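Grab a pencil and work through a few short exercises on the structure shown here. Each one sets a task and then walks through a solution.

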Amino acid sequence: MSILVDRSTRVIVQGITGKEGSYHATACREYGTRVLGGVTPGKGGTVHEGFPVWDSVRDAVDAVHPDVSLIFVPPAFAADAILEAADAGVELIVCITEGIPVQDMMRVRRILDIRHEEGETVRLIGPNCPGIITPDGAKIGIMPGYIHKRGKVGVVSRSGTLTYEAVWQLTQLGLGESTCVGIGGDPVRGLNFLDVLALFEKDPETEAIVMIGEIGGDDEERAAAFARAHMTKPVIGFIAGLTAPPGRRMGHAGAIVSGGKGSARDKMKALESYGIIVVDNPSIIGKTVAETLSKGDYRRVPTCH
Amino acid sequence: MNIHEYQAKELFRSYGVAVPSGVVVDSPEEARRLISEKSGIFSGSSAVYAVKAQIHAGGRGKAGGVKIAKSVSEIPGYVEALLGKTLVTHQTGPEGRLVRKVWIEEGAQIAREFYLSLVLDRSSRRISILASTEGGMEIEEVSAAHPEKILTLSVDPEMGCKSFVGRRVASFLGLPITLYGSFSTLLANLYRFFLDTDCMMVEINPLIQTGDGRLLALDAKVSFDDNALYRQEKILALRDLFEENELEIEASKHRLNYVKLDGSIACMVNGAGLAMATMDVIALAGGTPANFLDVGGGASKETVEQAFRILLGDPEVKGIFVNIFGGIVRCERIAGGIIAAAKDVKLHVPLVVRLQGTNAKEGREMLRESGLDLQVAEELFEGAQKIVQAVKGAK
């Protein structure tokens, strides 16, 4: 098992004829992902790098019934692309695009929430994220496939290369990963830490979870409170940005300490108070997972059953 | 992106949010000329003027950046005192900010002061309104001491900032019922401004009720979403490069994401999260990070070279730590870029390069054989320890 995606997952790529979309659609196919084609308005009916191209997501859905749409559309058009996929009934949307205006995402998120409340299944991963991978199953994103190894640790992260760092440690130690989800570095996004933790808790293959957070916001704290109440599996956490000064934006639009909220030290303390195993050195994330799992009684006792 | 108070007030006025009339000057002579010509705000009978230094930072009042002139004759003296002065506030850092422009506005009769802001709130994923009866104070202080004096409510983007929202805030602020209508209009106008111009934050502190029962924004602070500037030409034209760090401007020209900090160990990293983690690891190893620098996914020779030049442009830098996790980008290409760039820019400080990921072994081999004076590392913490040691040894 794994979460959200596996070997059978059917994928289309929005923006498949662009430079990024084209490169990564091919790389995902080489990894073994079932990439069935892509969408570029105006290029429907053509074939690009061996992929059939449709004019709209609706056309692609009619033709191949994808489970996932992977989006590489430029920032100015990305919000529209996400809504197009949702409107066509695609259940999982993975948006890699970096630099989408926050207010666009605010509106997108509100519409997805309304559809969700009305009973539709529609999930968004990202934007501004590396995507999702289930090793030896499906790579749906821009991460280097070979650093992953199928195994027992679930990974959820706001970052890209910092996730690779943690994954690499888990792979080197032979622990491997069940699924890795990059939820992205923007202030308004789709799936959050909490949503992904809940999925990992239910996944029989996942034995422990690595949660990689950053300064800014309180999503990590909310996830930790959830873990305290509902999770039996150990969660190992790292928060980047201990040395980031308040008020300065550190690359990710979301990574900013403001008004005394969301500092790395405060987050670490809050996470620890909820029973998360917090590491302050990102070099020992893998080692800490290994040590945790080597203890016989690593399971947590949730406060609510 | 931030703008000055005088620019924000002009925008407010165009959106129907009342602000005091004023004029911006960059020399005392200009102020004298305007006064002698009795132009604009100097034509009337106003006896009191506020003379305010224009910098992109809060806390100007406490730092001596705001003067009250009791007659027009006092104005040029205050303008002269403020222009060219370096203001140090809790938001400028110890180096402070040079005052290049001064805003002079008509004084207002204050009956009551309030705090009002709109912010893109990541927790609610909506635009939130913050209002407080404690105008003129730092909102963080009010929040800590008297949280009950702050009203926070978020606006459903599907619904917008309707009149009832305005009435609710007006009621919380204890405004007279006769002002509910004009307050709701003001709030709706601010909300429309927020949406139209892709704001991240709009703050009025204080918003005042005047002696004659009007609402007036005595201050104005606005920041915009950098990601949306491509569709905000008019806003982008308000950018003041003097308010930004020179090295940061240079970096942004080369699409490098650079933030200058106060430490001595520079770092160059691919990816924002890993860049922050690298800064943290430098601190764990006993050093102080000199910057945040994300070179992004590419990291070609040209990128690396530009990055080195920017890092070395900071005279505080005593050593450089390059940390690359090769994914899509292969490490031997990065090693090639580092070798070529290091030769061109003539590095004069210790360099440690940590390569991991795709073809890392080949990359490290190339670096070792390059004949350059550098150390190679495999692990993140090992690299940080090496650069901290090297900098200590070099002293």
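Before we start, one term: two strands count as paired if DSSP finds at least two bridges between them. Also keep in mind that this is a predicted model.

**Exercise 1. Find the residue that stands opposite A:I93, and describe the two strands involved.**

Step 1: Go to strand 6 of chain A, where A:I93 sits; the residue opposite is A:S69.
Step 2: Look at the strands themselves. Strand 5 (residues 68–71) and strand 6 (residues 92–95) of chain A are joined by four bridges and run parallel.

**Exercise 2. Place these strands in their sheet and work out which ones stand at the edges.**

Step 1: Write down the strand order in chain A, which is 3-4-2-1-5-6-7; this is an open sheet of seven strands with mixed pairing.
Step 2: Check the ends of that order. Strand 3 (47–48) and strand 7 of chain A each have a single partner strand, so one side of each has no neighbour in the sheet.
Step 3: Now add a helix. Helix 2 (residues 57–64) of chain A lies across strands 1, 2, 4 and 5 of chain A, and it runs at about 145° to strand 2.

**Exercise 3. Split chain A into domains and describe how they meet.**

Step 1: Mark domain 1 at 10–125 and domain 2 at 143–294. Their C-alpha centres are 26 Å apart.
Step 2: Take contact to mean C-beta atoms within 7 Å. On that basis, ten residues of domain 1 of chain A touch nine residues of domain 2 of chain A.
Step 3: Ask which element gives the most on the domain 1 side. That's helix 4 of chain A, with five residues.
Step 4: Sort the domain 1 side by class: eight residues are nonpolar, two are charged and none is polar.

**Exercise 4. Describe the side of chain A that touches chain B.**

Step 1: Count the residues in the contact: 49 come from chain A and 44 from chain B.
Step 2: List the elements of chain A that give two or more residues: helix 3 (75–87), helix 4 and helix 5 (161–172). Helix 4 of chain A has the largest share, six residues.
Step 3: Sort the chain A side by class, and you get 23 nonpolar, 17 polar and nine charged residues.

**Exercise 5. Locate the record's "CoA-binding" domain.**

Step 1: The unreviewed UniProt entry puts this annotation on residues 4–100 of chain A.
Step 2: Over that stretch, the chain is 35% helix and 26% strand, with the end C-alpha atoms 24 Å apart.

Note on methods: Residues numbered from 1 in each chain as written. Chains lettered and ligands numbered in written order. Predicted model: local features only at pLDDT ≥ 70, side-chain atom pairs only at ≥ 80, totals over all residues. Domains from an automatic or database assignment. Contact = placed C-beta atoms within 7 Å. Nonpolar A, V, L, I, M, F, W, Y, C, P; charged D, E, K, R; others polar. UniProt positions renumbered as here; feature names shortened; annotations may be inferred. Axes fitted to C-alpha atoms, helices over the stretch in contact; angles between N-to-C directions.
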